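Hi,

Here is the structure I promised to pass on. Have a look at it first, and my notes follow below.

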Amino acid sequence: MRRGGTATESAATEKERRLGRYRLLDLIGRDGDARLHRALDGNGQTVELWTVPLARLCADAAGVERFRQMATAAARLSHPAIPAILASGEHAGTAFVATLPAEGRTLAARLDDGPLAWDEAVATLDRILDALSAAHRAGVVHGALTADTIRHSGSAAVVGGFGRAALTAARADHKDDLEAAARLTERILAGHEDRPAVAALLAALRDGGTFPDVASLHIAVSGLTGAPRPRAAAPVRSTRWPLWAGGAVLAGGVVAAVTILNWPSPPHTVAESPAAESAAVALPMPPPAATPSAPPSPPAASRQPPVAEIAQALRTIPCALVTVEKTGGRLLVSGTVAGERAETEVRETVEALAAGWDHGFDLANAEAQFCAPLGSVATALDANRGLAEPLAASVLEGPDLSAGEPLVLEIRAPARPVQLQVDYFTIDGSVVHLLPNPSDSGAALAAGASRRLGEKAEDDKPQSGRYWTIGPPFGTEMLLTIATAAPLFPTPRPEQEPAADYLAALADALATLPDDAPAPLADAQFISTGP
């Protein structure tokens, strides 16, 4: 983080170029907020990694869940013209989808050289439409099919972009894919309008409304050469051994992640077996059983999930900022943990208390160094959670921020006047004191009142005191706000200092508060920063 926009930026570190287990190499594409990187996974395998800020998916309530469902469905696809999706998930404020890279020139570049030969044109189009039809049968839409998303090597076209669609094409449907396929058909068949069958097909496409779905268009294209009509089939699903990838596990085509996903998943279970594709085998239907067994009974409707009990137990883990809620008939534990030990403790606590309810985890991981500041104010954090009108600090435009973006805070006092101490713990082991600071010593806040820190005026000057922008090093960092009846320190601390020095002074200050003073309150949250 940079104060006032004046600090010299340090050279980018290796950590800045990583996303979980992936090392980012080159930025090779963009689509709005989404970025496509060439990357290496933990085994040194080259992958293509689509990423998008998690905040973008949170624009509506169903955004993250829609991404998870689309990515999971796309991971089940098995077609020679669709690159395998290796993993998907969320890490440090970023949603990602990792796929095998597609080689060769784009179809758009090839078409710029001139029309495809007749046999090549039909074979290429047949392969593309067959892949798209298979995806639709599996409930997956592409959302942005163009000649630029297709890699072309003779007739062996490869349709990329299904992983990207999970991140950026939330509202695309089969009709959008059909319209894109129709445009692509016209472009690929350009130069062959002298053939009566092609002329008739293109005329039908231009009139619109002729083909109800991609499968029917595929049949029409196959008929251009007199080939037999393709037989509809259920989508073939692949069976893959689990691959650990950037905090996510892809098992049987279904994503399960440290940070997200399926229910429940044992921590850090990794199989190192190679990927294997399963063949579709037709089996005779068994005769109906005379006395079919009843399915397992779900938890009785009258029995309530142990949300309050688990929440209370999780509050005793000082290195975790997590919540528990009932969603979709399951218990979801979400938040951020500082270090693997805290994650293990959270998981074991929930496993012990879940009482038979299905449960899942949406846990982001921060460095273990943030356990120390959380532990120093554990009592104050717990006291604040129990208030009807607690101390609250929020990051505007956050908690996921990129390089150059401003850090602007909204702080609301509890139902009593307080003195504020606002600290920003960085990933490199420092702490920046946002309030008080050399430009703003007014840390008093009236009962229930709110104020902003770091906001600029329209002329680009600070509204009051300091302002800050995001800079390297990047990663998961932490904002800690403490409220006391009197200032914690008789004189303000240095604007920036080693976190270890500050935490020692903070412990002394909290220990010497008068016995008859109101209990200190604290609010903490993690902030994800990136380039």
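A word on the labels before anything else: helices (H or I, at least four residues) and strands (E, at least two) are DSSP runs, numbered from the N terminus. Residues are numbered from 1 along each chain as its sequence is written, and side-chain values use heavy atoms, with hydrogens and water left out. Bear in mind that this is a predicted model, where local features need pLDDT of at least 70 and side-chain atom pairs count only at pLDDT 80 or more, while totals for chains, interfaces and linings use all residues.

Let's start with the odd spots in the backbone. Most residues other than glycine have a negative phi, and most peptide bonds are trans. Proline 436 sits in the loop between β21 (430-435) and β22 (444-445), and the peptide bond leading to it from leucine 435 is cis, with omega near -10°. Another cis bond runs from proline 472 to proline 473, with omega near 0°; proline 473 belongs to the loop between β24 (468-469) and β25 (476-484). Then there is alanine 355, whose phi is positive, near 55°. You'll find alanine 355 in the loop between α10 and β16.

That loop takes us to a sheet. Three strands make up this open, mixed sheet, in the order β14-β15-β16 (two strands pair if DSSP finds at least two bridges between them). β14 (320-327) and β16 (359-366) are at the edges with a single partner strand each, so one side of each has no neighbour in the sheet. β14 runs antiparallel to β15 (residues 330-338), joined by eight bridges, and glutamate 325 stands opposite leucine 332 in β15. Helix α10 (residues 340-353) lies across β14, β15 and β16, at about 165° to β16. For that angle, axes are lines fitted to C-alpha atoms (for helices over the stretch in contact), and angles run from 0 to 180 degrees between N-to-C directions.

What does β16 hold on to elsewhere? Aspartate 362 lies in strand β16 and arginine 68 in helix α2 (residues 63-75), so their pairing ties together parts that are 294 residues apart in sequence. Their side chains meet in a salt bridge (3.0 Å, N to O), one of 13 in the structure. The term means a side-chain nitrogen of Lys or Arg within 4 Å of a carboxyl oxygen of Asp or Glu.

Lastly, helix α4 (residues 118-137) packs against helix α8 (residues 214-222) at about 155°, with the axes 9 Å apart.

Cheers

How values were computed: Contact = heavy atoms within 4.5 Å.
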